[in-house]
Amino acid sequence: MWGKFLYVDLTREQAWDVVRHIEARAPYRLCLLAELMRDTDGPVDQMDASLESLVPMWEWFTTLAMAGYPDVPTDVPPTDEPRIVAHALPEYVDLARRRALMCEGLTHYIELVVRRIDPQSRWDLWLQKGRIRMAQHQEPVLRLSDGTPIHVVYLPGGMARRYEKGELHAGRDPLALRKNITEDLPLSWRRDQDPQPSVLVPYLAYAGRTPPAIVTSSPLAVLFDAPAPAPAEPFDDVGVELLLAVGPAAGLDDPRHFAPLSVDTVAAVLTELDLTHEDGRPVTPQELLEDGTQLFAVDGTAMVETIATDGALRALSVEPAGGGTAATWSRIEDGLRRLAESLGGHLASDSEGWPEP
């Protein structure tokens, strides 16, 4: 699927460039989707961003896919253009472009569906936990307000390719797309929705507009045009894995044995140590109650991840992030150690034994 380019090969700033590109392209891809649906007598008036609207959407889309995406332009570069040029067979280049454009439109329609359910959802990066980094590390995802990531960027394309080859038997089910989306949503959010006016029709106003450069130039080109980056320094060059918690060693197996940490105090110290979200936002106390919240040093020295359960922050996992300096690591470690001591706890490596209180 990916050929030689992987999100893991991007720098963090380049990965955020992809997010910004995706956000900027949305109205233009939705306009193209609306135009094609209108011109093919598709269900454009039913596209009200409800979960149920994904059923006629998928029925219409699969018919288009089996016909080879007729009337979809081939002179509009999709985000995937660099990979298509580098790896697609010449006879399939135009088909790959048409498919990519339509799937981008479908991705953004799914975005509208998710935002109708959760208006606070946003584009974010999926950052893999631990030291092993797979291909999806840094992939753009829709992040629900409860922290759940929805992997929608390549879902339509993957379904479309398998459907075209006859490999996706379940894809013949009109409910296939809706099922794929709803299974990632909390059960309480899968409720019936009242019909609304079409959300696609207004995007027809973008027809004829010239997209900005951020849309017409794929940020993924850096993976093909630039020389291969130098190997990253080993993760263990600076720092060691640490755990900050209050309580007995039993908490290493079950964090509920650790005492709840004051999220206000912890948030203040993390901000003072310049440990923030990837986009530079300081962490809020409420976000520390979400298990798996990740914060990073600006220079890439360390990553701090929350361990939360039963509505309480139980511990902080601290590990090297593959960059930075020993001086920055010492500053962070010293600050977190003072925090641990002020809370009556420890900052220690669990691999070397966890001290009892």
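Which side chain meets that of Asp39 in a salt bridge? It is the side chain of Arg38, with N and O 2.9 Å apart, where a salt bridge is taken as a side-chain nitrogen of Lys or Arg within 4 Å of a carboxyl oxygen of Asp or Glu. Before I go on, please keep in mind that this is a predicted model, in which local features need pLDDT of at least 70 and side-chain atom pairs count only at pLDDT 80 or more, whereas totals for chains, interfaces and linings use all residues. Residues are numbered from 1 along each chain as its sequence is written, and side-chain values use heavy atoms, with hydrogens and water left out.

Let me stay with Asp39 and Arg38 for a moment, and with how open they are to solvent. Asp39 is exposed at a relative accessible area of 53%, while Arg38, at 40%, counts as partly exposed; the cut-offs are under 20% relative accessible area for buried, over 50% for exposed, and partly exposed in between, with a 1.4 Å probe and protein chains only.

By the salt-bridge rule the count comes to 18, and I will pick out a few. Arg25 and Glu104 meet through their side chains at 3.6 Å, N to O, and this pair links distant parts of the chain, since Arg25 lies in helix α1 (residues 12-39) and Glu104 in helix α4 (residues 93-117), 79 residues apart. Helices here are DSSP runs of H or I with at least four residues, strands are runs of E with at least two, and both are numbered from the N terminus. Both Arg25 and Glu104 are buried.

Another salt bridge joins Glu52 to Arg178, the closest N and O atoms being 3.5 Å apart. This pair also links distant parts of the chain, with Glu52 in the loop between α1 and α2 (54-66) and Arg178 in helix α6 (residues 176-182), 126 residues apart. Glu52 itself is partly exposed, at a relative accessible area of 47%. In addition, salt bridges that share partners join Glu13, Asp17 and Arg20 into one network.

The loop between α1 and α2 also holds Asp41, which has a positive phi of about 55° although it is not a glycine, and which is exposed at 74% relative accessible area. Tyr69, in the loop between α2 and α3 (81-87), likewise has a positive phi, near 55°, without being a glycine, but Tyr69 is buried, with a relative accessible area of 0%.

Now to the sheet. Six strands form an open sheet in the order β5-β6-β7-β8-β4-β9, with antiparallel pairing, two strands being counted as paired if DSSP finds at least two bridges between them. β5 (275-276) and β9 (346-348) stand at the edges with a single partner strand each, so one side of each is left without a neighbour in the sheet.

Within the sheet, strand β7 (residues 302-309) is mostly covered, with 6 of its 8 residues buried. On one hand it pairs with β6 (residues 294-297) over 3 antiparallel bridges, where Leu295 has Val304 as its bridge partner; the hairpin of β6 and β7 has 4 residues between the strands, and Gly300 in the turn shows a positive phi of about 80°. On the other hand, β7 pairs with β8 (residues 312-320) over 8 antiparallel bridges, including the one between Met303 and Glu319. The β7 and β8 hairpin has 2 residues between its strands, and Asp310 in that turn has a positive phi of about 55°.

Finally, 3 bridges join β4 (residues 242-245) to β9 in the antiparallel sense, with Leu347 as the bridge partner of Leu244.
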